[in-house]
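The following note sets out points for a colleague reading the model alongside its sequence. Please consult the structure while going through them.

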Amino acid sequence: MGCAPSIHVSQSGVIYCRDSDESNSPRQTTSVSQGPAAPLHGLFVQTDAADAIPPSRASGPPGNARVRRARAELGSGGSSSSAGSAAPAATTCRGRSRHCCSSAEAETQTSYTSVKQASSAEVRIGPMRLTQDPIQVLLIFAKEDSQSDGFWWACDRAGYRCNISRTPESALECFLDKHHEIIVIDHRQTRNFDAEAVCRSIRATNPSEHTVILAVVSQASGDHEEASVLPLLHAGFNRRYMENSSIIACYNELIQIEHGEVRSQFKLRACNSVFTALDHCHEAIEITSDDHVIQIHKIHRDSGDNSQTESHSFRHKNRRKESIDVKSISSRGSDAPSLQNRRYPSMARIHSMTIEAPITKVINIINAAQENSPVTVAEALDRVLEILRTTELYSPQLGTKDEDPHTSDLVGGLMTDGLRRLSGNEYVFTKNVHQSHSHLAMPITINDVPPCIAQLLDNEESWDFNIFELEAVTHKRPLVYLGLKVFSRFGVCEFLNCSETTLRAWLQVIEANYHSSNAYHNSTHAADVLHATAFFLGKERVKGSLDQLDEVAALIAATVHDVDHPGRTNSFLCNAGSELAVLYNDTAVLESHHTALAFQLTVKDSKCNIFKNIDRNHYRTLRQAIIDMVLATEMTKHFEHVNKFVNSINKPIAAEIEGSDCECNPVGKNFPENQMLIKRMMIKCADVANPCRPLDLCIEWAGRISEEYFAQTDEEKRQGLPVVMPVFDRNTCSIPKSQISFIDYFITDMFDAWDAFAHLPALMQHLADNYKHWKTLDDLKCKSLRLPSDN
């Protein structure tokens with residue numbers, strides 16, 4: 001026979017095969033009798049969508065109508081068979097013939113319509129070129145209807161190979177045979193089979209790991225709420241398809257699955273195959289780029305009965321994309337002996353790579369050091385590499401977190417951005433731009449300050465300066481008066497080339513935008529931080545390490561660092577879904593707002609624009625320094641800043657002092673990176689210096705911050721928000737415990753490092769005395785701020 005045999009299907013439920021010779025006489029026939037009324041189960045082999053549309057398995061016009069609709073949606077020019085004919089002609093499906101069907105095959109119909117158009121395609125994943133076979137789809141429908149027809153012809157249009165199974169048993173057998181990428185299961189009716197049970201049985205097989213399973217569900221009626229997809233997901237379905245028999249709708253769904261999940265699974269299988277091959281390889285392997293730069297270096301060595309594998313992966317910044325060169329190094333005789341004698345894989349070529357990141361350079365140095373190190377040292381360096389490859393390099397693990405709720409709450413409240421849970425209760429800032437003050441006359445210059453205030457300010461260079469007394473005599477406006485005195489002492493007006501009147505106007509505007517209603521984050525706190533910053537700038541080593549621009553930037557940053565603070569933490573704002581949390585993407589929300597608003601307030605009015613007379617370059621440098629310092633007060637990076645300061649400033653100074661008996665030169669004069677670390681550390685210490693103040697001042701600040709946290713907890717409970725710091729409940733909180741936790745976790749190490757640089761013996765003595773005070777209260781189970789005998 002010169003021609004391929006063809007398969008004919010009759011509507012009576014009989015399949016027969018014959019040779020496609022000119023006589024058209026049947027030569028060999030295989031029948032599968034289903035009865036005239038039973039649905040047809042057979043094999044369909046189709047090669048052309050227009051000519052090979054199978055008739056309905058049930059006789060009569062409905063089936064023919066579906067055929068006409070299918071042709072119309074496919075844009076076919078083929079003619080439809082006449083509806084309602086007494087003896088409809090059998091449709092001939094040209095293609096491959098099968099002379100018999102097993103019992104399972106009798107329950108499965110197969111489409112080869114698109115074999116020609118669904119040829120294998122080449123797919124590129126990075127430098128790899130892979131061949132992807134045509135996608136296979138399994139339809140599991142107990143009965144034929146317009147929905148199953150829609151998916152059938154959608155597969156034809158997309159060029160997929162398609163099978164239809166009528167029973168769960170035949171579906172499972174067919175899937176295990178062909179490993180379909182997509183499975184569509186009829187979930188609309190439960191009397192024929194349990195769709196979720198079918199899905200679970202398929203998911204129980206290994207090949208289903210990379211299969212996308214789609215559930216076809218009924219349209220929800222108008223008076224019923226749409227059902228949840230969770231039961232489908234739990235059963236193993238990936239997607240839900242709302243009943244729609246349109247071929248275009250089915251086609252769009254399948255195409256989206258192909259370009260989404262199917263392609264992703266294909267890439268994943270390809271990568272897994274590569275790594276599996278590497279894992280099972282018994283030879284040393286190098287994977288390089290075209291210019292022979294190592295991408296992966298793997299060596300397999302046997303030691304007795306144990307085999308070990310080391311694999312290191314590196315990314316070359318400028319490597320080409322073409323092909324991967326996989327070389328079996330041990331097969332090269334000249335290289336094999338030296339390679340086998342090495343305890344760890346060679347990293348010689350890594351030093352020729354162009355790598356910018358400092359941490360990558362460190363890792364490469366350690367890798368190189370491993371090469372000639374003893375096993376114990378190499379294993380220790382392996383652990384070092386594991387630590388260096390983590391993202392949280394500077395965040396310590398709090399061992400007592402679960403045991404100490406005060407520390408846990410402080411860490412959670414100060415070092416996170418909340419639970420990211422938005423609420424309908426929007427927390428909106430109240431701007432104090434037009435905040436009214438008392439009738440105390442504002443000074444025109446520093447010489448016009450009232451005598452009672454001037455007398456207090458005479459002592460402003462002392463660390464024991466009482467900011468609360470200044471708050472009282474200035475009627476809660478200490479920032480303007482202290483600012484005029486401090487800025488004058490450091491020559492800020494001369495540096496900025498602005499008048500003292502402009503400086504005074506600027507200080508007024510900034511102070512007006514602090515919330516006097518806040519217990520802690522008000523202009524008194526800003527003035528306290530400004531005082532501490534000025535005190536630190538007067539220390540010899542700090543003064544010798546910074547330029548005047550750095551000093552001016554530090555004083556301005558201290559002044560504005562909490563402007564328009566709402567008296568709530570970042571975590572609260574994120575949980576409440578505040579407009580600022582949305583604006584700043586839940587990241588450093590308050591700190592970003594403080595700097596942005598400070599510059600907005602400064603430049604919008606020439607009368608208070610202290611930057612209007614400096615050149616653009618100076619302004620840009622000054623602005624970046626101010627922003628960097630204010631952002632450093634955000635607590636999520638607290639340990640990163642402290643550890644960088646210790647490693648880059650403290651340790652080099654200690655090494656220099658040990659190497660010579662004299663005091664070393666100021667650090668960082670010629671290193672902007674070190675100057676930046678010093679400025680960050682300085683404002684961080686100034687911002688939380690309360691535990692280092694004299695005891696009376698320390699107690700007052702502790703009471704104020706506790707009251708602000710109490711108010712936040714009260715509001716969180718009122719609004720139904722997550723309570724960020726549960727221990728700060730005004731009815732149960734122990735303030736001494738909270739202070740002890742804060743000092744232990746945040747203060748001690750930071751001020752030890754700052755003291756080692758700036759030499760601050762008075763501060764460290766206050767810190768020790770205050771800590772002893774809180775410990776005494778805690779030992780007595782006293783939750784108040786003072787001992788009963790002191791009250």
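1. Glu 471 is buried, with a relative accessible area of 11%; buried means under 20% relative accessible area, exposed over 50% and partly exposed in between, using a 1.4 Å probe and protein chains only. The residue belongs to helix H12 (residues 467-473). Helices (H or I, at least four residues) and strands (E, at least two) are DSSP runs, numbered from the N terminus. Leaving aside residues up to four places away in sequence, Glu 471 touches Lys 476, Arg 477, Pro 478, Thr 524 and Arg 704, where contact means heavy atoms within 4.5 Å.

2. On provenance, this is a predicted model, in which local features need pLDDT of at least 70 and side-chain atom pairs count only at pLDDT 80 or more, whereas totals for chains, interfaces and linings use all residues. Residues are numbered from 1 along each chain as its sequence is written, and side-chain values use heavy atoms, with hydrogens and water left out.

3. Two of the residues touched by Glu 471, Pro 478 and Thr 524, recur in a helix pair. Helix H13 (residues 478-489) packs against helix H16 (residues 523-537) at an angle of about 15°, and their axes are 9 Å apart; axes are lines fitted to C-alpha atoms over the stretch in contact, and angles run from 0 to 180 degrees between N-to-C directions. H13 and H16 are therefore roughly parallel to each other, a label for angles under 35 degrees (over 145 is roughly antiparallel, 65 to 115 roughly perpendicular, the rest oblique). On the H13 side the contact includes Pro 478, Leu 479 and Leu 482, and on the H16 side it includes Ser 523, Thr 524 and Ala 526.

4. How many of the 13 residues of H18 are buried? Twelve are, so H18 is largely enclosed by the rest of the structure. Among the buried residues are Asp 550, Glu 551 and Thr 559. At 1.5 Å a residue, helix H18 (residues 548-560) should span 18 Å, and its end C-alpha atoms are 19 Å apart, which agrees; the expected span is 1.5 Å times one less than the number of residues.

5. Helix H24 (residues 672-687) has an expected span of 22 Å for its 16 residues, and its end C-alpha atoms are 22 Å apart, in agreement. H24 is mostly covered, with 13 of its 16 residues buried.

6. For the chain overall, there are 27 helices and 15 strands. Of its 791 residues, 48% count as buried. Among contacts with a separation of 6 or more, 73% come from residues 24 or more positions apart.
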